[in-house]
Amino acid sequence: MTGIFGNSSRSNSVSDHSPFKQAVGIDDLAVYIPQLYLPLEGEFSRRREIDPGKLTRGIGIERMAIPDAHEDAATMAAMSLLELMRRCDLLPEDIGKIHVGTESAVDEAKAIGTYVIGMLEKVYGPGSFQHCSTVEFKSACIGTTLALESISYWVAADEGERVGVVIASDVAKYPLGSSAEYTQGAGSVSLLVKKNPRIAALEQIYGCFTRDENDFFRPTGCTMATVNGKHSNQCYLDAMQGAFASFATKAAGKGIISPKNGECTTDSIDHLLFHIPYPRMIEYASAAIFRQDWKNSSRWSDVEAEIGPEPEAGNYDDLERYRLDLARYARSFARSRQFLQAYNARVIDSAALSRSIGNIYTGSIYLGLASLLELQKLRAHERLCFGAYGSGCSALVFSARVSSEFSSVPSRGLFERLEKRREISLEEYELLHEGVIKESLIQPSGEFALAQIDHQGYRHYEYVT
């Protein structure tokens, strides 16, 4: 069936245009979220003098995951990898490479993956991962996606049956009282990448966009990022539109997606997943993509019938007036029946987990995939389109096909796990944020923990049974 809800009658075989002899993609994923959270309604919104509706309905975040005193990006990465290995009965010798995407690195030189391997060897034995290589990808929130692209080609080229693991792990942290404070969060997602994957096979079409911007950055030595909020939102949209246009051109050129007369690229996409700095941002992103793409389809006449024609620059002598009218038109499009129908069918569900976790930087787009899996929204052979963004700025758009065996992958019970977390007070949150609290609010048990930072600044971790 082709139309606004996409085309779900596709084959699951490897495309003739794929560079791989066998399908390669995401076989399973595991998610680790800290056990502490801060609700944005109530004490936080009152003390910050913010309308709670702006937080829960405006940006779309209800709770922020907060790391405890013994947690950091390395411990969270180790926890999600440990869960992944246990879920999939993986042994250390099965894993050939571990790529970690993070912008919360715990060391300026030493790869975070070496700390992760050191922690896992406390469970699996000394030297058990010595055959495994690891590298850290830094490119703001797009780092994990670049790691996934890289490791997929290695998996395809490896003659054996070894697998690759891609880990996203981050702590999103901004100054107390800042305009970005309520978009914090923390967590880790580990992706198992192998041949003949059970969840989704990558189609190996990548559309990219890059330019030099100051929308978000963290100078060396700083513990928190500088965010130019409105500028960053616009950079996100510009980059996503550029990367999607590149993806559409490449997909058509390779015969992966070939729209017929009156159709467009998004007609062949069942779910769009975006980087989620906050849930409302994926509404802005999908509106920009659908509006850009639908202009090439017969559907655009229905849009114009509802909200009128889009302003054209050639009809304006005043550039600023044109920009204002174009912005108003974009807002009208985001409220149109055509867009809301597509958004509710193909985008909104991917933000379900993020509403209770917040921003986890490099892993947020894969929390979107976890949301669709936990909500049982996927169907075999559907096409997924991922739009990753990293400030600074870069975007990468790529696609994958849901495998016929995806339903055999056990649920992770993520929504149930989120309900078992401990709510903390605003005071506890602020003390953790500023590093005043040295003792964990929840004593670690059955998890990795930061035990000590020695006189040289080296971090020592342990597995607490």
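A residue is called buried when its relative accessible area is under 20%, exposed when that area is over 50%, and partly exposed in between (1.4 Å probe, protein chains only). Helices (H or I, at least four residues) and strands (E, at least two) are DSSP runs numbered from the N terminus.

The model is predicted: local features need pLDDT of at least 70, side-chain atom pairs count only at pLDDT 80 or more, and totals for chains, interfaces and linings use all residues. Residues are numbered from 1 along each chain as its sequence is written, and side-chain values use heavy atoms, without hydrogens and water.

In helix H7 (residues 279–294), 13 of the 16 residues are buried. Strand E7 is also mostly covered, with ten of its eleven residues buried.

Strand E7 belongs to an open sheet of nine strands with mixed pairing, in the order E5-E4-E6-E7-E1-E8-E13-E12-E11. The edge strands, E5 (133–137) and E11 (271–274), each pair on one side only. Two strands pair if DSSP finds at least two bridges between them.

| Strands | Direction | Bridges | Partners in one bridge |
|---|---|---|---|
| E4 and E5 | parallel | five bridges | Val 100 and Glu 136 |
| E1 and E7 | antiparallel | eight bridges | Tyr 32 and Ser 188 |
| E6 and E7 | antiparallel | nine bridges | Asp 170 and Gly 187 |

Helix H11 (residues 364–374) lies across E1, E7, E11, E12 and E13 (contact means heavy atoms within 4.5 Å). Its direction is at about 90° to E1, where axes are lines fitted to C-alpha atoms, for helices over the stretch in contact, and angles run from 0 to 180 degrees between N-to-C directions.
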